[in-house]
Amino acid sequence: MGVLIFLAAFIAVSIPLSWLFRAGLARSLPRHMASVARDMPLTAAFGLWVIALYVFVAIFAPLLAPFPERAVVGTQFQPWDSTHLLGTDRLGRDMLSRLLYGARNTVGIAFATTALAFVVGSLLGIWAALRGGWLDQGLSRFVDALMAIPSLIFSLLLLTIFGTTVLTLILVIAAVDATRVYRIARSVAQGVVVMDYIEAARLRGEGNWYLIRREILPNALAPLVAEFGLRFCFVFLTISSLSFLGLGIQPPTADWGSMVRDNATLITFGDVTPLLPAGAIALLTVAVNFVVDWQLYRASGLKEQG
Amino acid sequence: MADVLLTIKDLKIEGRAGDDWLPIIKGVDLTLHRGEVLGLIGESGAGKSTLGLAAMGFARDGCRISGGEIDFDGIDLRRASEGKKRALRGRRIAYVAQSAAASFNPAHKLIDQYSEVPVLGGMARSKAEEEAKTLYRKMQLPEPDEIGFRYPHQVSGGQLQRAMTAMAMANHPDLIIFDEPTTALDVTTQIEVLAAIRDIVRDYNTAAIYITHDLAVVAQMADRIKILLRGEQVEEADTRTMLAAPKAEYTKSLWAVRSFARPVAPPPQDAPLVSVRNVRAAYGKVDILHDVSFDIHAGRTLAVVGESGSGKSTVARVITGLLPPREGEVVFDGETLPADYRSRTRDQLRQCQMIYQMADTALNPKLRLRELIGRPAYMYLGLRGRALDARIRELLALIELEPDKYIDRLPSELSGGQKQRIGIARALAAEPRLIICDEVTSALDQIVQEGILKLLDRLQRELNLAYMFITHDLSTVRAIADEVVVMQKGRVVEKGPKPEMFAPPHEPYTELLLSSVPEMDPDWLSQLLDARAGKT
Amino acid sequence: MHAVVVMILQRLALGVLTLFVVSLVIFGATELLPGDLASSLLGQSATPETVAALRRQMGLDQPAPVRYWAWLTGVLQGDFGVSLATRRPISDMLAARLGNTVFLALYAAAIAVPLSLILGVLAALWRNSLFDRIANAGALSAISFPEFFVAYILIFLLAQSGFFPSMVRLNPTMSLGDKLYVTFLPALTLTLVVTAHMMRMTRAAIINLMASPYIEMARLKGLSPLRIVLRHALPNALAPIINVIALNLAYLITGVVVVEVVFVYPGLGQLMVDSVSKRDIAVVQAIALIFASAYVLLNLTADVLSTLTNPRLMRRK
């Protein structure tokens, strides 16, 4: 019951907050962007300020956290009180501090992984679409074969082989995810490559690099940015799941997935504390999804008008 | 009057744009009598389809009828319930869409789609099928007894359009809305569909609203013509009066469109700039071009005419080097060009430029005009900095766009005609000797077409350019060509100077093509059909 | 032969080829192991002699193609080799768990598929209504929640108060009713996550379809909304819907891993996670192969079915 009341209160607070955030954006941005801000749905405004909040916490975690990330500062499983606002964990570390540091670790690693997957996947995808022929066929069939294995299963297999350090985690997830990015980037780029302006540029004698940089990338950017949001959610959830399974980010690094795993026993005693890091994961993913949804809607709406 | 079927008064329709509603139809009146055919004419964006649908009490998603009256035979369509309107649609008012290929459900046979409404209305299935076959026969469809049992994708576009008209006729409606039913068809196919539609509408004494942008087509079909411009009515009169004596300035300008024609040039004396010699080209195993040869001279325009599938655009791909031919060669100014564009020198690429049909897809929407036009000058002529800027401005002035106003715009901030002008400027920036124009005017409204043709003509005289003009539109050929090549199924059927091509005797296919182009004379279709019937 | 038969045979051949490539990838991945299996099993303290002995015992001194062939022929006969950690035959370890996992996945699918199709179609038909907005926001949130979050919320709400058990203990003598009862929470967790995905995809597919000109034509023929949906939209919606279902059943495979761990459910997913932490590569390989094969076969089935429902492909010109 308490969870439901909390949820209702959360929604009740976030609606006016989102509304204020949107109004503030519309007021402070330059004119052509202000109208975009004014027209955005409340869900997107909500998403934007939540993302901003996470970024803020990730950057200033050391200043915000009352205790160090890894220090044992109390006895185990202390309840919420005035010193330890959210109590302590299985080893007696401050829950709130670890939650704040988690923003830095979990989100940071997920972001780095997505960025890596994106650079590799989208460059290869665009290149394949542009070159066509055997190169495209070869790369695409190879990616198809890799994609025939579900990504979590493939990640588990690779992690068994390479072990679970942060670096292997990033590389493995990025490699698996790059196949998905490749697919999307290739199909977006293929949509651009058939345009007459690409033919015109080719007939002009332009090189591949100019074609990618000036002709294809600017036109593929909008869908790719939206896709980046989706892939980030996916990577973030995968890494959290792996951490939750004990196969992702390893202790003593503060990380939301493993925090849930470590303290899960409390739930059966009716304590919501272990749900907080899980909720933190969910909230950020919801926020990103709301923003992406709005962007996709905007893109499709613009297309209909043009 | 007692025989009035449809009355529309002061109709207003709005369309949603974001959170706002913008007017599409701004107060239009319309009266239609039983058995009468009203032609609705307008350019793109005039709101003619929206008005046609409103006559059925229907507004597309994102549109709403915001004011006025629609009265169909005593029924108030603005206030009638959905159920009541449904009972009218398909039974007393029917609709024929522009693209029959997209408007037939791919999952059902033609005759099943025909029978659907009659059977729901209580007719026996077998009787509905018999009637369908009768109508298919009347619409002059081949194999009328079998064709209904095919799926839409198994039937050609022109036949589908006739099958859709038959479907609309199923319940002998009082009114049919034809929404550009022949726009997507080739001219020779268009004739058959036009004739079939006209006959059946007359036979059944059905009233119709015939929507089109083509004046000559509407002249054949309509008793009365109504002209729309950006959602407002311009004028209305019976067909002969309207053709003979249009009143409004806008109508007169529409009528005047086809006036542009350049003087006949003397036969060329010099050696040809481009010679296409015995070209055979193929996609995969299928030959698209068979033994195609022709010449293009400097300062002159060669028009390549043909219907879809004639291979006219493939010729352009061979000349530009996008599709290396299996046999034959392209000679440019005395030297044979490498077959593949990737093997050509930059200077060879520079000399031959292209202008595309759809300026929307031919201009990168993310680049400003400065880069769009400047890039060829930068690449080929090595212009930089101030010299480049000056050249871009010069080119903009040449295509009659004010440089200061336009130089930093994006293509999306231009009108359709202006975009096409940018396409021309980009080609000119390379300082070419040959420009290939691939259906450059066919996506544009007629008045805009006229401006583009005049501009191309002026540039040709000033810069001694050779044009290869690919088109399916014979009136464009008449306006701008010096020489003509007629193509059919990948072969050159006939070639020669324009005056010869337009004067008899013709090759049979040229004859068919020429005679199929609708003329503004309301009796043209009847006379043509009589003449063809007399010959066979 | 009929063109469609040829096409389906081609698809089947492609499916077999994909399975073969998948087995190659899964086998080949072990070859990437720094050092080799024997040395990483024994650790750094092992003497070269013991490593060499183990290597011989495991057949690692054979060249890779020979080992691959032995492994593949074994797998095809149901022999996955022995576990590196427990030394037991892997087939024995998998047998009971495979059944449990399939049971859980089917249970979830049986609820999720009809539920999400109905919700998706309704949301599409009542587009932009309050129902659509709430369903959409709800689905978007459910997609955004990690599976373990959904699972723990359900435990918190339903198990802690004693309605349902939070840990699943199965025994062979259980009646079906009891089995459905004890596995209710994991099945519900999977259902919630998968339904959200499937509902959104169904909605998108239907909206896409309803925008096509032939649906407008059907409306202009004066047909009732129900008839338009059933007769004009549905036959064309089958292919996209089949694909949506296949995609999400395949998604269950991934979801099952986390959910099994939360509820201590004796299935393949849990075994896989255990084996990964023990780095028991032989077991991980076997389970990965099973999951990947299920995934490939699902997609293959969807492919064939949607071919069969496409009139354009079924009836050539």
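## The largest cavity

By class, the lining of the largest cavity splits into 9 nonpolar, 3 polar and 3 charged residues. Here Ala, Val, Leu, Ile, Met, Phe, Trp, Tyr, Cys and Pro count as nonpolar, Asp, Glu, Lys and Arg as charged, and the others, Gly among them, as polar. This is a predicted model, so local features need pLDDT of at least 70 and side-chain atom pairs count only at pLDDT 80 or more, while totals for chains, interfaces and linings use all residues. Residues are numbered from 1 along each chain as its sequence is written, chains are lettered from A and ligands numbered from 1 in the order in which they are written, and side-chain values use heavy atoms, with hydrogens and water left out.

Searching the whole structure turns up 6 cavities of 30 Å³ or more. A cavity is a set of points, on a 1 Å grid over the protein atoms alone, where a 1.4 Å probe fits but cannot get out, and its lining residues have an atom within 4 Å of a point. Grid points are joined across faces, edges and corners, and the volume is the space filled by probe spheres set on the points. The largest of these cavities has a volume of about 180 Å³. It is lined by 15 residues, and L203(A), R204(A), C352(B), Q353(B) and M354(B) are the closest to its centre. Chain A contributes at least two lining residues from helix 8 (196–204), and chain B does so from each of helix 12 (346–351), strand 16 (352–355) and helix 14 (369–381). Helices (H or I, at least four residues) and strands (E, at least two) are DSSP runs, numbered from the N terminus.

## The second cavity

Next comes the second largest cavity, with about 80 Å³ of space. Its lining has 14 residues, and nearest the centre lie G90(B), V117(B), M167(B), A168(B) and K221(C). Two or more residues come from each of strand 6 (93–96), helix 4 and helix 6 of chain B, and also from helix 10 (213–220) of chain C. Helix 4 of chain B gives the most, 4 residues. By class, this lining has 10 nonpolar, 3 polar and 1 charged.

## Where B meets C

Between chain B and chain C, 27 residues of B are in contact with 22 residues of C, contact being heavy atoms within 4.5 Å. The area buried here is about 2500 Å², with 56% of it from carbon and sulfur atoms; buried area is the accessible area (1.4 Å probe) that two parts lose on being put together, summed over both.

This pair of chains has 5 salt bridges, each a side-chain nitrogen of Lys or Arg within 4 Å of a carboxyl oxygen of Asp or Glu. E116(B) and K221(C) form a salt bridge through their side chains, at 3.3 Å from N to O. K221(C) also turned up among the residues nearest the centre of the second largest cavity. There are 9 residue pairs in polar contact between B and C, both residues at pLDDT 80 or more. On the side of chain B that touches chain C, helix 3 (100–103), helix 4 (110–120) and helix 6 (157–169) of chain B each supply at least two residues. Helix 4 of chain B has the largest share, 5 residues. That side divides into 13 nonpolar, 7 polar and 7 charged residues. As for the term, a polar contact is a pair of N or O atoms within 3.5 Å; within protein, one must be able to donate a hydrogen and the other to accept it, and residues adjacent in sequence count only if both atoms are side-chain atoms.

## Where A meets C

Chain A puts 43 residues into its contact with chain C, which brings 48 residues. Together they bury about 3800 Å², 83% of it on carbon and sulfur atoms.

The count here is 1 salt bridge, between the side chains of D293(A) and R200(C) at 3.3 Å, N to O. Polar contacts come to 5 residue pairs, both residues at pLDDT 80 or more. On the A side, two or more residues come from each of helix 5 (133–147), helix 6 (151–162), helix 9 (208–244), helix 10 (256–263), helix 11 (265–268) and helix 12 (275–305) of chain A. Helix 12 of chain A gives the largest share, 10 residues. Sorted by class, this side has 31 nonpolar, 10 polar and 2 charged.

## Chain C and two backbone oddities

Chain C has 14 helices and 0 strands. Its C-alpha atoms fill a box of roughly 85 × 60 × 35 Å along the principal axes.

Most residues other than glycine have a negative phi, and most peptide bonds are trans. P251(A) and P252(A) are joined by a cis peptide bond, with omega about 10°; P252(A) sits in the loop between helix 9 and helix 10 of chain A. D10(B), a residue other than glycine, has a positive phi near 45° and lies in strand 1 (residues 4–17) of chain B.

How values were computed
1 Å grid on protein atoms, 1.4 Å probe; cavity = no way out; pocket = protein on both sides within 12 Å on 5 of 7 lines; lining within 4 Å.
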